[in-house]
Amino acid sequence: MSRRLFALDQNFPQPIVSALSEFMVEAELVALAEIDERLIDLDDWEVLLALHLHEHHWDGLLTTDTGMLSLPRELAVLMQTRLTLVVAHAAGHDPLKATGLVLTYLPWIAAHTRSDEAQVWVLRAGNKPAEDPWKH
């Protein structure tokens, strides 16, 4: 398996991702602004299309924007371009939680991403109360 190449939307803290990049052997994560500053001002479907048409072979986009999953144009472009969309769901405005979700599942996603069909990975992590140690 070759190393995957994913674009990151602007909701992920680039200093954290950069600091951990040497440990991500299965994928490279690149901020949209590093790919092209103009990408951050585009609609989501335009970002997907730009990644598909880019000189590098992009495997997909990582985002916290769950709204993309209910937009017909974005989903149509995703299917046509056969990109992978990874959505850190329920991370809200917590970029650290979103980054943790992505890093947790990244090895699995990279191993199972396919370039011949579109895929959507919805990552979730719920908050739960502490456990009573007597139960253990």
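This text walks through a predicted model, from its sheet to its salt bridges.

Start with the sheet. Five strands form an open sheet in the order E2-E1-E3-E4-E5, and their pairing is parallel. Strand E2 (27-31) and strand E5 (119-123) stand at the edges. Each has a single partner strand, so one side of each is left without a neighbour in the sheet. On average, neighbouring strands of this sheet are turned by 20° against each other, direction ignored.

Now take one pair. Strand E3 (residues 60-63) runs parallel to strand E4 (residues 84-88), and four bridges join the two. Gly60 has Thr84 in E4 as its bridge partner. Helix H5 (residues 95-112) packs on this sheet and touches E1 (4-8), E2, E3, E4 and E5. The direction of H5 makes about 145° with that of E5.

Next, look at Leu61. This residue lies in strand E3. Its relative accessibility is 2%; the cut-off for buried is under 20%, so Leu61 counts as buried. What does Leu61 touch, leaving out residues up to four places away in sequence? Its contacts include Phe6, Ala7, Leu8 and Asp9. Leu32 and Met68 are also among them. So are Thr84, Leu85 and Val86. Val47, Leu48 and Leu51 belong to the list too. His89 is 28 residues from Leu61 along the chain, and the C-alpha atoms of the two are separated by 14 Å.

Val47, Leu48 and Leu51 lead to helix H3 (residues 44-53), where they are the buried residues. Seen down the axis of H3, they fall within an arc of 100°, so they line one face of the helix. The background is helix geometry: an α-helix has 3.6 residues a turn, so residues three or four places apart point the same way. The buried residues of H3 pack against E1, helix H2 (32-35), E3 and helix H4 (72-81).

Finally, the charged side chains. The model has five salt bridges. One of them joins Asp36 and Arg38, at 2.6 Å from N to O. Asp36 is partly exposed, with a relative accessible area of 23%, whereas Arg38 is exposed at 62%.

Arg114 takes part in a further set. Its side chain meets that of Asp116 in a salt bridge of 2.5 Å, N to O. Arg114 also forms a salt bridge with Glu117, with the closest N and O atoms 3.5 Å apart. Shared partners thus join Arg114, Asp116 and Glu117 into one network. Arg114 is partly exposed at 40%, Asp116 is partly exposed at 45%, and Glu117 is partly exposed at 34%.

Technical notes. Residues are numbered from 1 along each chain as its sequence is written. This is a predicted model: local features need pLDDT of at least 70, side-chain atom pairs count only at pLDDT 80 or more; totals for chains, interfaces and linings use all residues. Side-chain values use heavy atoms; hydrogens and water are left out. Two strands pair if DSSP finds at least two bridges between them. Axes are lines fitted to C-alpha atoms, for helices over the stretch in contact, and angles run from 0 to 180 degrees between N-to-C directions. Contact means heavy atoms within 4.5 Å. Buried means under 20% relative accessible area, exposed over 50%, partly exposed in between (1.4 Å probe, protein chains only). The arc is that of the directions from the helix axis to the C-beta atoms. A salt bridge is a side-chain nitrogen of Lys or Arg within 4 Å of a carboxyl oxygen of Asp or Glu.
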